[in-house]
Structures are given as C-alpha cells and as structure tokens.
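User: Please take me through this model with short questions and answers. Keep the reasoning simple.

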Amino acid sequence: MQHEAREQSKDNDLFYTCGLIDYIARKTKNVRADVVNKLGKERLEKIYDLADVYHCDNMDRVSEDFIEEAGIVDGDFDNVGQCRYSIPSHWDIGKVYKRLIKQVSESEKVNVIDALIKVYNSFISPKIDDYNSSVYYENPSYIYESYRENQML
C-alpha cells in the first residue's frame, strides 16, 4: 500500500512541475521548451523532488525564484493573449503534460525528467500550447499516439 501512495504522490509532483513550467512560461511570455531548457535538468529534478514543499508556497514567489535563478528573460510568445476562446489554466495544461510525460516515461523506459525534457522539446509541445487549436483537450491516448508518430494523426 505504501508504494501505491508514493506513486500517486510522484504523479502529483509531476503535475506540480508541469504546472509551474506553464506558469513561468506565461509569466515570462516564453515557449514552454525554452523555459524547460533554461531551467535545465538539475533544476527540474529539484522542482520534481521538492514539489510537495514548493506546493505549500506561493506560486508567484516560487516562479520568481526559478526565473531569477535560471536567468529566464521575457520573451514575446503570448499564447494566452492570442487565445480567442476560454483560456485553460496552467493547471489544465500541467495535467495534459503530466499524462503524456508519464506515458512516455513508462513506454520508453526513461526517467520522468528525461521524458519531460523530451516531450517539451518535441513537435507536440507547440500544438498543446496553441490554445486556439483543440489539441490540449484531446484524448490523452490520441496525444500520446501523435507524439509517438511525430505528427498529428
């Protein structure tokens, strides 16, 4: 039973990590892949490992700390401002990425952070982040299969 609870907790940690990435990207108007690459593997592992601690803190403060630490500068990618429909929250998008990353990690037998970096740097990330398309609310298995085939199916 203990293992199952830990598994669930790591899912929540991944969810938080993806939500924070999206939050930072929106705040700095950057493409998600740029935020992930600027944060780098070590910081991403730290966020993932300490997500339960960061989760208790103010999201604005946590994001500011990582923006400063990673030297993330403002960009000009504004998928929120360009959105013509209702805007999904950073948690909504975090959930989409969490599911995909988990599937990639399990199927490709790579650790979660390596899968995260792979997914955010793949062709599917800009598709998920185009809130005027329907990709972000598609069925998770459709998103995964599209990712695997390296094209929208």
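User: Which residue caps the N-terminal end of H6?

Analyst: This is a predicted model: local features need pLDDT of at least 70, side-chain atom pairs count only at pLDDT 80 or more, and totals for chains, interfaces and linings use all residues. Residues are numbered from 1 along each chain as its sequence is written, and side-chain values use heavy atoms, leaving out hydrogens and water. A polar contact is a pair of N or O atoms within 3.5 Å; within protein, one must be able to donate a hydrogen and the other to accept it, and residues adjacent in sequence count only if both atoms are side-chain atoms. At this helix end, a side-chain oxygen lies 2.9 Å from the backbone nitrogen of Ile113, and the oxygen belongs to the capping residue, Asn111.

User: Why are the buried residues of H6 on the same side of the helix?

Analyst: Helices are DSSP runs of H or I with at least four residues, strands are E runs of at least two, and both are numbered from the N terminus. Buried means under 20% relative accessible area, exposed over 50%, and partly exposed in between (1.4 Å probe, protein chains only). In H6 (residues 112–120), the buried residues are Val112, Ile113, Ala115, Leu116, Val119 and Tyr120. They share a side because, by the directions from the helix axis to the C-beta atoms, they cover an arc of only 155°.

User: Which helix gives the largest share of the largest nonpolar core?

Analyst: A nonpolar core is a set of buried Ala, Val, Leu, Ile, Met, Phe, Trp, Tyr and Cys residues joined through side-chain atoms within 4.5 Å. This one has 43 residues, and Leu39, Leu100, Ile101, Leu116 and Ile128 touch the most other members. Among the elements giving two or more residues are helix H2 (32–49), helix H5 (90–108) and H6. The largest share is eight residues, and its source is H1.

User: Leaving aside neighbours within four places in sequence, which residues is Ile128 in contact with?

Analyst: Contact means heavy atoms within 4.5 Å. Ile128 is one of the core residues that touch the most other members. With its sequence neighbours within four places left out, its partners are Ile93, Val96, Tyr97, Leu100, Val135, Tyr136 and Ile143.

User: How many disulfides does a search of the whole structure find?

Analyst: A disulfide is a pair of cysteine sulfur atoms within 2.5 Å. The sulfur of Cys18 has its closest cysteine sulfur in Cys56, 18 Å away, so they are too far for a bond. Cys18 is buried at 0% relative accessible area, whereas Cys56 is exposed at 71%. The number of disulfides found is zero.

User: Which residue forms a salt bridge with Asp11?

Analyst: A salt bridge is a side-chain nitrogen of Lys or Arg within 4 Å of a carboxyl oxygen of Asp or Glu. The search finds 13 of them. Asp11 is buried, with a relative accessible area of 16%. Its closest N and O atoms to the partner are 3.1 Å apart, and that partner is Lys102.

User: How many residues apart in sequence are the parts tied together by Lys41 and Asp114?

Analyst: Side chains of opposite charge can pair when their charged atoms come close. Lys41 and Asp114 meet in a salt bridge at 2.8 Å, N to O. Lys41 lies in helix H2 and Asp114 in helix H6, so the sequence separation is 73 residues.

User: Which helix holds Lys27, the salt-bridge partner of Asp60?

Analyst: The closest N and O atoms of Asp60 and Lys27 are 2.9 Å apart. Asp60 lies in helix H4, and Lys27 lies in helix H1.
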